[in-house]
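Here is a walk through one model, from its sheet to its metal site and on to a few backbone oddities. Have the viewer open as you read.

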Amino acid sequence: MSFELPALPYAHDALEPHIDARTMEIHHGKHHAGYTSKLNAAIEGSDLEGKSIEAILGNLDMNNGAVRNNGGGYYNHRLFWEVMSPNGGGEPTGELASAINDAYGSYDAFKDAFSNAAKTQFGSGWAWLCVHPGGKVEVCSTPNQDNPLMPGVTCGGTPILGLDVWEHAYYLNYQNRRPDYVEAFFNIINWDKVAENYAGNK
Ligand code: MN
């Protein structure tokens, strides 16, 4: 069994004006599709075939560039689409809000930490909110298609919110203005889904 490109949970133009339809079409239909097909090619016939993506990344040989880049790309984008919604924005509630307050003191302080991680990741990469066993949350960033499930990568834990800061994610609409894209992202975060990810991985 091979990995399949997941369908977007909303229309290409649903996240406008924060993320434009053309960017979504290319990002999902070309970039994510490419990572998915290259991941399948990289694991075909190997002992990784048939394993879950979490198991593949959690036990990854970091020298295996094809699986590191394309397995990361497959997983990271799958999460990214799910944690955005045209009905998103606002602030987290419930136990997730409590965990964020415990770690950062307030939603605004968390927002600053996450935004800084996204804005200061040099070159291509991702900003993350992760949960550790026991429920503590932590912000970090990774280069390229790495993510915190991979051995030895930054904060560790399980990503529950991710923001793609590769130029392909924002350049058509924002050009070099990554900070504007990062700010816009907060208007479309699907906090209900992030809370579900938190509850399922704490
Ligand atoms: Mn991307």
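Which residue of β3 is the bridge partner of Trp128? The answer is Gly162. Keep in mind throughout that this is a predicted model.

## The sheet

That bridge belongs to the pairing of β1 (residues 125-131) with β3, which is antiparallel and takes in 6 bridges. On the β2 side, β1 is joined by 7 bridges, and the two strands again run antiparallel. One residue pair to look up there is Ala127 with its bridge partner Ser141 in β2.

Put together, this gives an open sheet of 3 strands in the order β2-β1-β3, paired in the antiparallel sense. β2 (137-143) and β3 are the edge strands; each has a single partner strand, so one side of each has no neighbour in the sheet. From one strand to the next, the twist averages 25°. As background, strands of a sheet pair through backbone hydrogen bonds, either parallel or antiparallel.

## What surrounds β3

Is β3 left open or enclosed by the rest of the structure? Its residues, 158-164, are buried in 7 of 7 cases, so the strand is largely enclosed by the rest of the structure. Note how that sits alongside its place in the sheet: β3 is an edge strand with a single partner, yet 7 of its 7 residues are buried.

One element to look at here is helix α3 (residues 65-82), which lies across β1 and β3. The helix runs at about 85° to β3.

## The manganese site

Which protein atoms act as donors to the manganese ion? They are NE2 of His27, NE2 of His77, OD of Asp164 and NE2 of His168, at 1.9 to 2.1 Å from the ion. If you want to look for the pattern in the sequence, the donor spacing along the chain is H-x49-H-x86-D-x3-H.

His27 sits in helix α1 (residues 21-43), while His168 is in the loop between β3 and α6 (171-174), so this pair ties together parts of the chain that lie 141 residues apart in sequence. Both of these histidines are tucked away: His27 is buried, and His168 is too.

## Two helix pairs

Start with α5 (residues 107-120) and α7 (residues 178-185), whose axes come within 10 Å and cross at roughly 140°. The two helices are therefore oblique to each other. The contact involves Lys111, Phe114, Ser115, Ala118 and Lys119 on the α5 side, and Arg178, Pro179, Val182, Glu183 and Phe185 on the α7 side. As for handedness, α5 passes α7 in a right-handed crossing.

The second pair is α4 (residues 94-104) with α8 (residues 191-201), which pack at about 80° with axes 9 Å apart. α4 and α8 are therefore roughly perpendicular to each other. From α4, the contact uses Glu95, Leu96, Ala99 and Ile100. From α8 come Trp191, Val194, Ala195, Tyr198 and Ala199.

## Backbone oddities

If you plan to check backbone geometry, a few spots are worth a look. The peptide bond joining Glu16 and Pro17 is cis, with omega about 5°. Pro17 is found in the segment before α1.

Then there are the positive phi values. Asn144, not a glycine, has a phi of about 55°, and its place is in the loop between β2 and β3. With a relative accessible area of 40%, Asn144 is partly exposed. Gln175 also has a positive phi, near 50°, despite being a residue other than glycine. Gln175 lies in the loop between α6 and α7 and is partly exposed, at 30% relative accessible area.

## Glu25 in α1

Where in the structure is Glu25, and is this residue buried or partly exposed? Its place is in helix α1, and at 33% relative accessibility Glu25 counts as partly exposed.

Leaving aside neighbours within four places in sequence, Glu25 is in contact with His12 and Lys30. His12 and Glu25 are 13 residues apart in sequence, with 6.1 Å from C-alpha to C-alpha.

Terms used: Residues are numbered from 1 along each chain as its sequence is written. This is a predicted model: local features need pLDDT of at least 70, side-chain atom pairs count only at pLDDT 80 or more; totals for chains, interfaces and linings use all residues. Side-chain values use heavy atoms; hydrogens and water are left out. Buried means under 20% relative accessible area, exposed over 50%, partly exposed in between (1.4 Å probe, protein chains only). Helices (H or I, at least four residues) and strands (E, at least two) are DSSP runs, numbered from the N terminus. Two strands pair if DSSP finds at least two bridges between them. Axes are lines fitted to C-alpha atoms, for helices over the stretch in contact, and angles run from 0 to 180 degrees between N-to-C directions. Contact means heavy atoms within 4.5 Å. Donors are N, O and S atoms within 2.8 Å of the metal (3.2 Å for Na, K and Ca); water is not among the atoms, so sites may look incomplete. Angles under 35 degrees count as roughly parallel, over 145 as roughly antiparallel, 65 to 115 as roughly perpendicular and the rest as oblique. A crossing is left-handed if the near helix is turned anticlockwise from the far one by less than a right angle, and right-handed if clockwise.
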